[in-house]
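This report looks at how a protein surface meets nucleic acid and at how the elements beside that surface are put together. The sequence and the structure are shown first.

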2 protein chains.
Amino acid sequence: MVVIELDDEQADLVFHALADRTRRDIVKRVLRQELSVSQLARGYDMSFAAVQKHVAVLERAALVVKRRRGREQIVHGDVDLIRRASRLLDEYEATWRRRADRIADLLADTSTTKNVTTPRREG
Amino acid sequence: MVVIELDDEQADLVFHALADRTRRDIVKRVLRQELSVSQLARGYDMSFAAVQKHVAVLERAALVVKRRRGREQIVHGDVDLIRRASRLLDEYEATWRRRADRIADLLADTSTTKNVTTPRREG
DNA sequence: CTAACGTACAACAAGATGGTTGTAATAGAG
DNA sequence: CTCTATTACAACCATCTTGTTGTACGTTAG
């Protein structure tokens, strides 16, 4: 299974879209079952237009897809971008783990003590 | 290893914090190596105060932690919240997979055809 | 055809966001 | 002590966000 990394642009859109609990709830619901925008809107204490906007934000991030069925727009969740976002976070974690390994190496390896006195700094 | 789920409040903060590429870059850098706020600031084409605000947003989401060293504030990344956010997305994916399984069951199981004629709708 | 439903979109208001500059406090260097 | 580096924070501004209401448009039901 090939998972393509998110670029900065996509990551901006995806994480922004997920940074709202109403939108996260919409994603969860439409991942479980396809729903029209009206059906979704009935589930929240806000206007239809507001829910419509939330769906639009999710659509821009490609977290959901709309498909027309008669006069309804059926919304369903697309798991691909969610998977990519998750992998991006896993990458962060991997970076951290490499650092932990590096520190462990420094602590374990007592013979090569060069470059230990002057730890390099960024900036 | 016990991973506690993010509540709505935390997820709001974490995903919002990650929805900015400068902040994602800061997270990546301080996961790899601890850096003072000044050292971080030198890496971006914006004022020190702007970077300071970004760090504050990350701190509020508990994605980074600050520790004083003399007159410097050393920033380092905390992988815990990243892990939790990743797990939350994995949960979304699992929801989707359960739905896929459910559909597969419906297609495969031709004997129990009850409740198929009236698919339940939300709303 | 007509009425109702579902959707799209524009305009608006309040608040949040992301940048700026300026000022002050604090700690280390000399 | 004095000077400088680092940080903290307030005030300000432009833009974005997130809700609202109102209007228009296409589709289905009767």
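In this predicted model, the residues of the surface near DNA strand D divide into six nonpolar, eight polar and nine charged. In total 23 residues surround the strand, the closest being A:Ser47, A:Lys53, A:His54, B:Ser38 and B:Gln73. Both protein chains contribute elements to this surface: helix H4 (48–60) of chain A supplies at least two residues, as does each of helix H3 (37–41), helix H4 (48–60) and S3 of chain B.

Seen from the side of the nucleic acid, 64% of the atoms of DNA strand D within 4 Å of the protein belong to sugar or phosphate, while the rest belong to bases. Polar contacts to a phosphate, a base and a sugar or linking oxygen are listed below.

| Side chain | Partner atom in DNA strand D | Distance |
|---|---|---|
| A:Ser47 | phosphate oxygen | 2.6 Å |
| A:Arg71 | base oxygen | 3.5 Å |
| B:Arg71 | sugar or linking oxygen | 3.4 Å |

S3 of chain B, which is among the elements that supply the surface near DNA strand D, also belongs to an open sheet of three strands, arranged in the order S1-S3-S2 with antiparallel pairing. Strand S1 (35–36) and S2 of chain B stand at the edges, each with a single partner strand, so one side of each is left without a neighbour in the sheet. Two bridges join S1(B) to S3(B), and in this pairing B:Ser36 stands opposite B:Ile74. Against the sheet packs H4(B), which touches S2 and S3 of chain B and whose direction makes about 115° with that of S2(B).

On the other side of the pairing, six bridges join strand S2 (residues 64–69) to strand S3 (residues 72–77) of chain B, and these two strands run antiparallel. Here B:Arg67 stands opposite B:Ile74, the residue in S3(B) that also faces B:Ser36 in the pairing with S1(B). S2(B) and S3(B) form a hairpin with two residues between them, and in its turn B:Gly70 has a positive phi of about 65°.

For chain A, the secondary structure comes to five helices and three strands, which follow the pattern α-α-β-α-α-β-β-α along the sequence. Of the 123 residues in chain A, 40% are buried. Among the contacts in chain A with a separation of 6 or more, 57% are accounted for by residues 24 or more positions apart.

Methods:
Residues numbered from 1 in each chain as written. Chains lettered and ligands numbered in written order. Predicted model: local features only at pLDDT ≥ 70, side-chain atom pairs only at ≥ 80, totals over all residues. Heavy atoms only, no water. Pairing = 2+ DSSP bridges. Helix = DSSP H or I, 4+ residues; strand = E, 2+ residues; numbered from the N terminus. Near = heavy atom within 4 Å. Polar contact = N/O pair within 3.5 Å; in protein donor to acceptor, adjacent residues only side chain to side chain. Nonpolar A, V, L, I, M, F, W, Y, C, P; charged D, E, K, R; others polar. Contact = heavy atoms within 4.5 Å. Axes fitted to C-alpha atoms, helices over the stretch in contact; angles between N-to-C directions. Buried < 20%, exposed > 50% of the residue type's maximum accessible area, 1.4 Å probe, protein only.
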